[in-house]
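Biologist: I would like to go through the contacts in this model with you, and to hear for each label what stands behind it. Shall we begin once the structure is on the screen?

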Number of protein chains: 2
Amino acid sequence: MAVDAVLFSIDKKKLRVLLIKIKQGQYEDKWCVPGGLILAEETLEEAVKRILFQKTNVSGVYLEQLYTFGDLGRDSRSRAISVAYFALLNKPEGYNIGTTPYYADIEWKNVAELPELAFDHKKIIETAHQRLKAKIGYSNIVYSLLPTDFSLTQMQNVYEIILGEKLDKRNFRKKILGIELVEKSNKILSGQAYRPAQLYHFTQRRLTLF
Amino acid sequence: MAVDAVLFSIDKKKLRVLLIKIKQGQYEDKWCVPGGLILAEETLEEAVKRILFQKTNVSGVYLEQLYTFGDLGRDSRSRAISVAYFALLNKPEGYNIGTTPYYADIEWKNVAELPELAFDHKKIIETAHQRLKAKIGYSNIVYSLLPTDFSLTQMQNVYEIILGEKLDKRNFRKKILGIELVEKSNKILSGQAYRPAQLYHFTQRRLTLF
DNA sequence: TCAAAAGTGTTTAAAATACACCCATGG
DNA sequence: CCATGGGTGTATTTTAAACACTTTTGA
């Protein structure tokens with residue numbers, strides 16, 4: 001009985017997922033999402049948090065249960081039932097995860113160009129991406145992919161990257177401001193070679209549906 | 001590692017859930033949804049189907065994974081992680097489930113007036129009801145709660161019972177017929193003391209989103 | 001002065017909502 | 001002929017979609 005965590009972030013204009021390269025055994029050199037066995041005295045969510053922290057040194061992410069995968073043969077070594085979670089992180093530009101000796105490698109991979117994955121992890125990542133796509137349409141979930149203060153253009157970029165399509169700037173702003181999901185910060189993003197942007201922040205920094 | 005099945009049906013104008021009364025032990029005389037342990041060589045869905053059939057003699061229902069419950073102490077006898085499914089059945093009027101010697105009782109209970117439930121099964125049933133409420137809004141899932149041929153009034157009743165509110169007849173029909181979810185059968189429901197209804201059937205009798 | 005992103009409104013189409021009366025049948 | 005549920009249309013409001021130019025800044 002295991003948990004797996006699909007940790008997404010956005011970097012260099014792409015949706016990224018944190019993957020680990022398996023060091024040895026039958027799945028050697030294949031990639032997978034971080035996962036591990038559930039201990040007797042921890043909840044599912046505690047297990048995911050512990051494993052994410054132990055394996056990737058990441059904590060404080062948005063977490064949501066995704067789906068439980070229990071097909072026979074998903075891990076050819078033994079019967080494995082896994083509760084998959086998806087997680088979101090506002091990864092600072094250029095922030096990298098330290099490698100651990102237990103894995104051959106650990107990297108943020110572009111979700112649109114996944115390497116060869118072990119187990120059914122391709123399916124798990126796709127399911128997570130689908131859920132994310134759907135959920136940005138009726139919740140403020142993107143707060144967890146943005147810094148506290150952000151411009152509406154940055155926010156629109158997050159939407160466009162997740163959805164994989166361009167959105168109309170005026171309609172996007174009308175919608176977002178109409179929902180009263182965000183409010184103006186008193187900060188302004190300057191220092192670029194063009195007009196400074198008004199910054200906003202979420203009125204709620206926890207999952208809220210609309 | 002277990003599965004639980006929240007089996008809904010509609011009878012006597014109420015949303016019903018199939019519950020089992022526990023015969024002995026700490027939870028004696030409390031009610032719960034049918035559930036049981038997953039065998040080593042079966043998938044989650046196979047486990048649910050087997051358990052539903054063994055415990056309630058029901059088969060051929062709509063099945064969908066709901067959520068995995070794994071909190072500590074949800075079963076005070078031991079650590080229990082359970083993958084909950086929700087299931088839908090078109091229960092013929094007056095159709096009853098035979099009792100089994102393993103349980104004190106088995107009954108279709110009104111979801112709005114649940115008896116005292118063991119474990120976290122109240123929460124599981126509420127989660128399932130929520131999912132059902134949401135899903136009738138963007139899928140043809142109600143096909144599994146209706147006979148092959150049905151009148152639009154019958155269908156509207158199913159919606160109203162699940163949502164717990166009255167809907168406007170003209171708007172309901174406009175919407176349903178506009179989606180092209182159903183088509184006219186060549187049957188007509190007569191034999192009642194009023195105008196016979198045109199019957200319809202679903203164009204797809206499998207889950208379809210819109 | 002130019003390059004680059006910020007910012008802003010109106011028109012049109014589509015979808016959702018509100019609302020009330022006549023119809024067909026069996027008893 | 002009456003009680004019962006079956007069946008139908010229009011007007012209004014709300015929401016979504018399409019669409020282009022001016023502004024501000026740093027270099």
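Biologist: What makes the approach of A:Arg195 to a base oxygen of DNA strand D a polar contact?

Modeller: In this predicted model, in which local features need pLDDT of at least 70, side-chain atom pairs count only at pLDDT 80 or more, and totals for chains, interfaces and linings use all residues, a polar side-chain atom of A:Arg195 lies 3.0 Å from a base oxygen of DNA strand D. A polar contact is a pair of N or O atoms within 3.5 Å (within protein, one must be able to donate a hydrogen and the other to accept it, and residues adjacent in sequence count only if both atoms are side-chain atoms), so the pair qualifies. Side-chain values use heavy atoms, with hydrogens and water left out, residues are numbered from 1 along each chain as its sequence is written, and chains are lettered from A and ligands numbered from 1 in the order in which they are written.

Biologist: Which atoms of B:Thr153 and B:Gln198 approach phosphate oxygens of DNA strand D?

Modeller: For B:Thr153 it is a side-chain N or O atom, 2.9 Å from a phosphate oxygen of DNA strand D, whereas for B:Gln198 a polar backbone atom is 2.7 Å from a phosphate oxygen of the strand.

Biologist: Which element gives the most to the surface near DNA strand D?

Modeller: That is α4(B), with 4 residues, where a helix is a DSSP run of H or I with at least four residues, a strand is a run of E with at least two, and both are numbered from the N terminus. A residue is near the strand if one of its heavy atoms lies within 4 Å of it.

Biologist: How do you know that chain B and chain A touch, and how many salt bridges are there between them?

Modeller: Contact means heavy atoms within 4.5 Å, and 18 residues of chain B are in contact with 18 residues of chain A. The count of salt bridges (a side-chain nitrogen of Lys or Arg within 4 Å of a carboxyl oxygen of Asp or Glu) is 0 between the two chains, while 9 residue pairs, both at pLDDT 80 or more, are in polar contact.

Biologist: Why are the two copies said to be related as by a two-fold rotation axis?

Modeller: Superposed by least squares on the C-alpha atoms of residues with pLDDT of at least 70 in both, chain B can be laid on chain A with an RMSD of 0.0 Å by a turn of 180° and a shift of 0.0 Å along the axis. The copies are therefore related as by a two-fold rotation axis. The same surface serves both, as 100% of the contact residues of chain B recur in chain A.
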